[in-house]
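The following explanation considers a single protein chain through its confidence scores and two of its residues. Please keep the sequence and the coordinates at hand while reading.

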Amino acid sequence: MRRLVAALACRVESARLYAKPLQRLGEGVAILDQILDALGRIPVISERVLGISSLEGNEPFAALAGRRGAKFVYGDPEDVVGRLLQSADAAEGTDLFLVTSENPFVGHEWAEEAWRRHVANGNDVTALEGAPDGMCFEIYRMEALRLSHRRGSPAQREHVSRYIKQNLEDFQIEVVEPEPPCMRPD
């Protein structure tokens with residue numbers, strides 16, 4: 001039985017805004033709270049897990065996960081793919097639903113169809129593209145992500161899709177697009 005797990009790579013370090021996922025959208029609601037809420041509205045997602053950088057200062061993510069009833073793991077700060085693999089393993093996932101931990105908008109309305117196509121077509125990667133900026137997501141088969149991690153360089157492990165995008169011929173990839181009125185990447 002396939003099991004889709006949403007994993008979020010979390011860290012306070014950022015070139016633009018320190019601890020961006022923990023920034024408040026309103027009273028008592030951080031960006032990460034909004035993302036977890038959106039992921040919770042997707043019936044095909046079995047569990048949500050935070051893959052937290054092990055560097056000092058990232059403890060607030062574990063506290064937030066505890067408040068929200070989400071699992072979490074600590075892992076290598078530079079190896080984002082490794083942290084996401086740990087996250088999926090912690091929830092016994094066969095596939096990984098991936099969004100950024102910094103954008104509060106999740107294209108949840110397209111997730112069920114993307115998952116159906118991902119499984120039915122035997123995809124390694126299924127990606128929503130063309131939706132408004134920040135709403136896109138990717139679904140990875142765990143075996144494909146493990147292969148990417150094994151073969152990828154440290155730079156390729158820091159950016160989840162980099163190895164796969166540089167080796168397209170090795171993977172079954174499907175791009176899902178929203179209906180025309182929602183094709184607004186701008």
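Strands are DSSP runs of E with at least two residues, and they are numbered from the N terminus. Under that convention, Ser53 belongs to strand β4, which covers residues 45–53.

The model is a predicted one, and its confidence scores deserve attention before any local detail. Over the protein chain the mean pLDDT is 93, and 100% of the residues reach at least 70. Among the elements of the chain, the lowest mean, 89, is found in strand β2 (residues 24–26), whereas strand β8 (residues 138–141) has the highest, 98.

The surroundings of Ser53 can now be described. Ser53 counts as buried because its relative accessibility is 0%, and the cut-off for that class is under 20%. Leaving aside residues up to four places away in sequence, Ser53 is in contact with Cys10, Arg11, Glu13, Asn58, Tyr74, Gly75, Pro77 and Arg83. In addition, a polar atom of the Ser53 side chain lies 3.3 Å from the backbone nitrogen of Leu55.

The second residue to examine is Pro178, located in the segment that follows β9 (173–176). Its relative accessibility is 6%, so Pro178 also counts as buried. With residues up to four places away in sequence again excluded, Pro178 touches Trp110, Leu128, Glu129, Gly130, Ala131 and Met183. Pro178 may also be placed relative to Leu84: 94 residues separate the two in sequence, and their C-alpha atoms are 26 Å apart in space.

How values were computed:
Residues numbered from 1 in each chain as written. Predicted model: local features only at pLDDT ≥ 70, side-chain atom pairs only at ≥ 80, totals over all residues. Heavy atoms only, no water. Helix = DSSP H or I, 4+ residues; strand = E, 2+ residues; numbered from the N terminus. Buried < 20%, exposed > 50% of the residue type's maximum accessible area, 1.4 Å probe, protein only. Contact = heavy atoms within 4.5 Å. pLDDT = per-residue confidence, 0-100. Polar contact = N/O pair within 3.5 Å; in protein donor to acceptor, adjacent residues only side chain to side chain.
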